[in-house]
Amino acid sequence: MTSSTSSDESNPLLQSAGLPRFDRIHASHVEPAVRELLSRAETLLAEIERTAEPSWESLFERLEAVDLLFEQTWEPVSHLLSVKNSPELRAAHETVLADVVAFGLRSSQSEPIYRAMKSLRDSAAWDSLDPVQQRILDKRLLSAELSGIGLQGPQRERFNEIAKELSQLGTDFSNHVLDSTKAFSLVLTDSAQVEGLPASLKNLTSQSYNRSKAESDPASTPDAGPWKITLDMPCYVPMLEHCRDRQVRETLYRAYVTRASADDVDNTPLIDRILRLRREKAALLGYPSYAELSLASKMAASVDEVESMLHKLRVASWEPARYDLSELVELAQRRGTTDPLEHWDVAFWAERLREERFQYTDEELRPYFSLPRVLDGLYALISRLFDVTIRPADGQASVWEEDVRYYEVLDAHGVPIAAFYLDPYSRPENKRPGAWMNECLNRRFRGGRNQLPVAYLVCNGTPPVGDRPSLMTFSEVVTLFHEFGHGLHHLLTRVDEPEAAGINGVEWDAVELPSQFMENWCYHKPTLMGMTRHVDTGEPLPDELFDKISRARTFRAASAMLRQLHFGLTDLELHHRYDPDSSETAFDVMNRIGRETSVMPPLPENRFLCAFSHIFAGGYAAGYYSYKWAEVLSADAFSAFEDAGLDNESAVVATGRRFRDEVLAVGGGRHPMDSFRAFRGREPSVEPLLRHNALK
């Protein structure tokens, strides 16, 4: 972020409509824009409180004007903090964060508005509301109750103090993870240490070294080095899989599992503080635990129901995962290794076993998965299933990085219905790890204001090297499909009320249904073959490689299942039974759960929780189970296509239209179980998930 000053009239964060002007936004715009936003929002809110009547128009249509202010001003700031972080932006964000949180509490705890909403629900006017509006009203009332509307005096003051502190702690936690990830690097100069590394990884680490070297230092080459190794996923994962130097692997692994756990970026005290505050917050609202508070607004009915589902999957996975580990031990011994298998050896020997069993490597696949070809195939699939067209629209929107693309989504008649930004590549210096979808603009069709939905789709994939396009690992392809599932949920909505359009209003544990559903198409032969061309020869992916990918889908599936169950059960335990003031630490809890979910006991010094941003800085607190909960839904949803016949084009198209109409288009306008029943004709079953993972 460069420094700039401007008057309010020219502040790009104060525009009243349209896409954010990322080409003009600077850190110096943030504080004056947010101060003005809060002033305007307070004026609007006070007027609504003064004149509130129990009608939809008096309440929700006027509250939407407040939401619009935040959409235009605050949301772009939050987005930039994730994709173009800088000390200046971080400082500006922190300057106003407490006041933004305070206004959110002020709004959600407005007693005149709450009373008017309750009167609307209890009056004859309730029957005049359509089902979407009724659902929005019910969820607003629940949200107000979970925001402390029922608290008075010192209790409400304490509740608000907790909310403000938790918001700041979440931001600090995320920044610490970013800073510690960015701070670590390992420069290798001995060619023996990079033996066995794929050419793409040598190119990436050589390029990384050249970006960071001093001007007087000699440049690196992929063959001669030096090579800069980082904890960024496109580097870290293949290093563990392919680096033959066991000591290097150990150094990387230990650095990764101890991120943000020391010095001035140590998240350990933040974890304890966050858990204490959440526990206190739940108690103030009358819930026995924060997990019970979290589930009050989710699809799952209770902690017991969630744990029952997770343990059913755990039992099905345990023995197969033990066998997975024994195969690695046997292979390592057969190849002459005498040392006991350690955590930093698992990925390496798993990759060797994959190569031996399926006779292919991720690197062998990379040349077939150039990002442009993968996008063409993905867009063709979306067009087939959902009757829309995706068209490049670069230049119609300003972007925050030159690699970011902008696209329009057109309906069957060629009319634009949505748009999205795609930010595909890793930038460890200023972009947080992971992949995500977020809303830029929500669909709004009311009162003469027509606004199409716009999404941010963000990945951290392998960037282009030299003049070659981004060559993706297969897991990066799957991640791209996953995030587009979220995007489709937002983009294909037909709900006109913004509070229920797209993913808005969808219960958190159902949000992953469309994203995990889309992953299944990566194993559908016509889809996969249609998006592969060798970057040099133009040849499609050979049939035998597709067959190997398909067979490898369930390779170590039980181990992968247990890993996710470990995270989900640890999250629930920390937020349901754990007492931060007891003699047991959060890391003790993680290790205790690990004895039930990890066939290889966790490393004692593992501090993964210090980088577990999903539950300490994201929206997954007491909700990480949602990935598995939604995976049950998504596997069952995809089984509808299997039942119809994946080779039956007309049946696939018809089923795709039904999925669009009954799941994607209705978004948060209907309870997800009702949407699932409407699509599938019955309640969900865990059987398709177990079958897809070869666990039954």
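**Pockets and cavities in the predicted model**

Helix H7 gives the largest share of the lining of the largest pocket, with five residues. The model behind these results is a predicted one. H7 spans 199-212, and it isn't working alone: helix H6 (153-183) and helix H8 (233-242) also put at least two residues each into the lining of this pocket.

As for the space itself, the largest pocket comes out at about 400 Å³. Its lining is made up of 20 residues. Anyone looking for the middle of the pocket can start from Ser-208, Arg-211, Thr-230, Pro-428 and Glu-429, the lining residues that lie nearest its centre. The chemistry of the lining is a mixed bag, with seven nonpolar, seven polar and six charged residues.

Then there are the cavities. Searching the whole structure turns up five of them with a volume of 30 Å³ or more. The second largest cavity has a volume of about 110 Å³. Two helices, H17 (513-519) and H25 (672-680), each bring at least two residues to the lining of this cavity. H25 gives the most, namely three residues.

Which residues line the second largest cavity? Going along the sequence, they start with His-489, Val-506, Ala-510, Leu-513 and Pro-514. The rest of the lining is Val-663, Gly-667, Arg-670, His-671, Pro-672, Ser-675 and Phe-676. Sorted by class, the lining of the second largest cavity holds seven nonpolar residues, four polar ones and one charged residue.

Methods: Residues are numbered from 1 along each chain as its sequence is written. This is a predicted model: local features need pLDDT of at least 70, side-chain atom pairs count only at pLDDT 80 or more; totals for chains, interfaces and linings use all residues. Side-chain values use heavy atoms; hydrogens and water are left out. On a 1 Å grid over the protein atoms alone, a cavity is a set of points where a 1.4 Å probe fits but cannot get out, and a pocket is an open set with protein on both sides within 12 Å along at least five of seven lines; lining residues have an atom within 4 Å of a point. Grid points are joined across faces, edges and corners, and a volume is the space filled by probe spheres set on the points. Helices (H or I, at least four residues) and strands (E, at least two) are DSSP runs, numbered from the N terminus. Ala, Val, Leu, Ile, Met, Phe, Trp, Tyr, Cys and Pro count as nonpolar, Asp, Glu, Lys and Arg as charged, and the others, Gly among them, as polar.
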